[in-house]
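Reader: I keep meeting words like "buried" and "parallel" in structure descriptions and never know what earns them. Could we go through one together?

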Amino acid sequence: MITVLKKILPNFFRLGLIQVSSVIVQLLLIPIVIQRAGLDANSKWLTSLSITVLFSILINFASNQSAPRAISEIDVLENNKKKSELLSLFFYVRVFFFLITSLISLLFFIFNNTMAYYLLGAIPLLLAELLNPYVLCLARNQLHWLSGLNLAGRILGLILVYFCWDHNAIWVNAWVGFGLLLFFLIFWVLEIIHRNFRLARFSKTQFINHIKENTSLVISNALVHFQQSFILYLISIIASPLVWGIYAIIDKIIWGFRTLLISFSGAVYAASLDVWKQGWESWKKFKLNSNQILFFGLIVGGGIIFVFASTIAALFDLPIYQSELIIAIKLSAFIPLLTGMNLLNVLELLLKKKHKAIYQSNLRIMKIVLGMGGILFLVANGWTEIPFWGPILVLALVELFTLVIYEKSCRNNS
């Protein structure tokens, strides 16, 4: 297990720093928004933020997964022209889907939906995703630069919200987006000056080929995010402000765990590439040790959340519903454990190149999520008001079914 830790931890800390800065700043923003704008505005802000993440998946269009290796190989050859062509292609793709997501935000006005204003306020955040240098920094193994840019941008965004924002929660995402935009722009200015980066001419053929090659990955990424966020979207329509407000906070706490799990997954994936080449027995041992490390970490993390639920609830400055929020935090403390125990199953299917199995598993999970959502809808419209713990129970069941489906998929594809 010590050997596995040595392989995983360095990459985990590098990737984790990027995620932690995002999690902490967003959790710090919640009590500020509740205090100045109220619980209902906070719920709308957090829901719009979740939709913005879905838009970011589309803007990125899987380049974070498919591009770093290609850029790294070009960097080794010091082919600046080829690198500029590749980076330009990713930029054109991102601009295209940024325009698409901006148009979708405008379409919300057709339905006279107040969420439209929150999504328009998030456009600077989407612009920051367009300019995010993650791909280039990962390809050059310069994650310390990326974590520094993210941290500086989010701290600036937090400062702007605290000192420049008054009561309209529509502008919270905008201020955070401005903070990130500033530092990402500085990065690209330095890139242009010191590495002579220039935009290459647009190629329709390359653009279409990139779309074709990455569509399946984008659909899978979007399905995973939608599975995780569908309940939040649904209860924003059918539940009371209390249920929506509490669940939006719980969703953000669990999201914090998920971002750390993404970092852990990336670190394990990098280490597992060599282990996989050593044979099935080596992989099984590595998977077991990695799961044991993950299980211990999530048990400790969940235990801390459970024990200190009252302290955590107090941070969100919600005195009227304090008791309900404390219970909700305790109920959700170990949900990330179910998510974490599934990470190595997904990685195993990736290593086996069973992409179709991952896609089919996500479709099955999506059906379960929609079914659970249908039950919540019937409860809200036919029987009684949804209790504040109802969506949390549904989320736990979804994560449990996800674990079962992926375990079965791994056995069927062994």
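Author: Let's start with the buried residues of H6: Pro124, Leu125, Leu126, Ala128, Glu129, Leu130 and Leu131. This is a predicted model, in which local features need pLDDT of at least 70 and side-chain atom pairs count only at pLDDT 80 or more, while totals for chains, interfaces and linings use all residues. Residues are numbered from 1 along each chain as its sequence is written, and side-chain values use heavy atoms, with hydrogens and water left out.

Reader: What makes H6 mostly covered?

Author: Just count: seven of the nine residues in H6 are buried. Buried means under 20% relative accessible area, exposed means over 50%, and partly exposed is in between (1.4 Å probe, protein chains only). For the chain, buried residues come to 52% of 414.

Reader: And how many helices and strands does the chain have?

Author: There are 18 helices and zero strands. Both are DSSP runs numbered from the N terminus: helices are H or I with at least four residues, strands E with at least two.

Reader: Why are H6 and H9 called roughly parallel to each other?

Author: H6 (residues 123-131) and H9 (residues 172-195) pack at about 25 degrees, with axes 7 Å apart. The axes are lines fitted to C-alpha atoms, for helices over the stretch in contact, and angles between N-to-C directions run from 0 to 180 degrees. Under 35 degrees is roughly parallel, over 145 roughly antiparallel, 65 to 115 roughly perpendicular, and the rest oblique. The value falls under the first cut-off, so H6 and H9 are roughly parallel.

Reader: Which hand does the crossing of H6 and H9 have?

Author: Left-handed. That word applies when the near helix is turned anticlockwise from the far one by less than a right angle; clockwise gives right-handed.

Reader: Which residues of H6 and H9 meet?

Author: From H6 you have Pro124, Leu125, Leu127, Ala128 and Leu131, and among their partners in H9 are Phe178, Phe184 and Trp188. The residues of this contact (heavy atoms within 4.5 Å) split into 13 nonpolar, two polar and no charged. Ala, Val, Leu, Ile, Met, Phe, Trp, Tyr, Cys and Pro are the nonpolar ones, Asp, Glu, Lys and Arg the charged ones, and the others, Gly among them, are polar.

Reader: What about Trp171, how does it count by relative accessibility?

Author: Trp171 sits in the loop between H8 (143-164) and H9. Its relative accessibility is 47%, which is neither buried nor exposed by the cut-offs, so Trp171 counts as partly exposed. Its C-alpha is 5.4 Å from that of Gly121, though the two are 50 residues apart in sequence.

Reader: How do H2 and H6 pack?

Author: H2 (residues 39-60) and H6 make an angle of about 30 degrees, and their axes are 10 Å apart. By the angle cut-off, that makes H2 roughly parallel to H6. Their crossing is right-handed. Leu49, Thr52, Phe55, Ser56, Ile59 and Asn60 in H2 touch Leu125, Leu126, Glu129 and Leu130 in H6. Sorted by class, that contact has six nonpolar, three polar and one charged residues.

Reader: How do you know that H2 is largely enclosed by the rest of the structure?

Author: The buried count is 18 of the 22 residues in H2, so "largely enclosed" fits. As for length, H2 reaches 31 Å from first C-alpha to last, close to the expected 32 Å (1.5 Å times one less than the number of residues). Right after H2 comes Phe61, with a positive phi near 45 degrees.

Reader: What makes H12 and H16 roughly antiparallel?

Author: H12 and H16 (residues 343-351) pack at about 155 degrees, their axes 10 Å apart. That angle is over the antiparallel cut-off, and H12 and H16 are therefore roughly antiparallel. The contact of H12 with H16 divides into six nonpolar, three polar and two charged residues. Trp283, Lys287 and Leu294 are among the H12 residues in it, and these three are also among the buried residues of H12.

Reader: Last one: why does Leu331 count as partly exposed?

Author: Leu331, in H14 (residues 322-332), has 47% relative accessibility, a value in the in-between range, so "partly exposed" is the right label. Setting aside neighbours within four places in sequence, Leu331 is in contact with Trp389 and Ile392.
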